[in-house]
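Colleague: Hello! Could you give me a close look at one part of this model, its largest pocket, and then carry on into the buried interior?

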Amino acid sequence: NILWKHFKNKIHFMKNLKIAIGTTSKPKIKYLKEVLRELKIKAVLLPVEVKSKVSEQPRTTKETEKGSVNRAVFAFKKAKNIDFAIGIEVGYHQEDKRGYEMFCWVTIIDKTGYQISSQSHKFLMPKYYQNVLEKGLFVNEHLGGFMKNKKEASHAKRKIDEIIRHRKPFIENALKNALIRYLNKEYF
């Protein structure tokens, strides 16, 4: 609670930040705006098209983190007169016998060279997606197969579909963790 009160007081006095984001993905930009609004951070966002320099569907924690770092670094290099850059990368990792889990890494890099990365919570993928990933296929190309009959799907199954389809909980979780830690770096 003390940390949150300090954070709220600190951002109250902040100027409008200029933040480069290493993506032009409308959902990722939207989720960042929502997190900034929730944290009461005023910012101008500069979406920058960059390559992650990792595979299109990262399949390890290290590769996913590297993708977020690369996106932040390349966005920082391309943007001008910004306070910091953010890289967002969603990926999958196979946990021994449990199977593949979905998660997100976010990295922030600022003009002083300070860098912080944060991983979201993980979500065990349903069997349908386990098979998709084990075959080396892209999750985004097989989203329709999980809920073939939407009318008969339970609320829980619809929620699972929404989570995997939009990835919002992972992106928001990693963004909040990274932004709160970055803006209070003296405590971490």
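Modeller: Gladly! A pocket here is an open set of points on a 1 Å grid over the protein atoms alone, where a 1.4 Å probe fits, with protein on both sides within 12 Å along at least five of seven lines; its lining residues have an atom within 4 Å of a point. The model is predicted, with local features needing pLDDT of at least 70 and side-chain atom pairs pLDDT 80 or more, while totals for chains, interfaces and linings use all residues. Numbering runs from 1 along each chain as its sequence is written, and side-chain values use heavy atoms, without hydrogens or water.

The largest pocket has a volume (the space filled by probe spheres set on the points) of about 330 Å³. Its lining has 16 residues, with Glu 56, Gln 57, Pro 58, Asn 140 and Arg 167 nearest the centre. Six of the lining residues are nonpolar, four polar and six charged. Strand 3 gives the largest share, three residues; strands (E, at least two residues) and helices (H or I, at least four) are DSSP runs numbered from the N terminus.

Strand 3 (84–95) also packs against the buried residues of helix 3, as do strand 1 (17–21), strand 4 (99–110) and strand 5 (115–119). Among those buried helix 3 residues (under 20% relative accessible area, 1.4 Å probe, protein chains only) are Thr 61, Gly 67, Val 69, Arg 71 and Ala 75.

Now to the largest nonpolar core, a set of buried Ala, Val, Leu, Ile, Met, Phe, Trp, Tyr and Cys residues joined through side-chain atoms within 4.5 Å. The largest core has 40 residues, and Ile 86, Met 125 and Leu 179 have the most contacts inside it. Strand 1, strand 3 and strand 4 each supply at least two residues of this core, as do helix 2 (26–38), helix 4 (127–134), helix 5 (155–166) and helix 6 (168–183). Its largest share, eight residues, comes from helix 6. Apart from this core lies another, of seven residues, including Ala 20, Ala 75, Ile 82 and Ala 85.

Leaving aside neighbours within four places in sequence, Met 125 is in contact (heavy atoms within 4.5 Å) with Tyr 92, Tyr 100, Glu 101, Met 102, Gln 130, Leu 133, Val 139 and Ile 164. Val 35 belongs to helix 2 and is buried, at a relative accessible area of 1%. Beyond four places away in sequence, Val 35 touches Glu 172, Leu 175, Lys 176 and Leu 179.

Conventions
Buried means under 20% relative accessible area, exposed over 50%, partly exposed in between (1.4 Å probe, protein chains only). Ala, Val, Leu, Ile, Met, Phe, Trp, Tyr, Cys and Pro count as nonpolar, Asp, Glu, Lys and Arg as charged, and the others, Gly among them, as polar.
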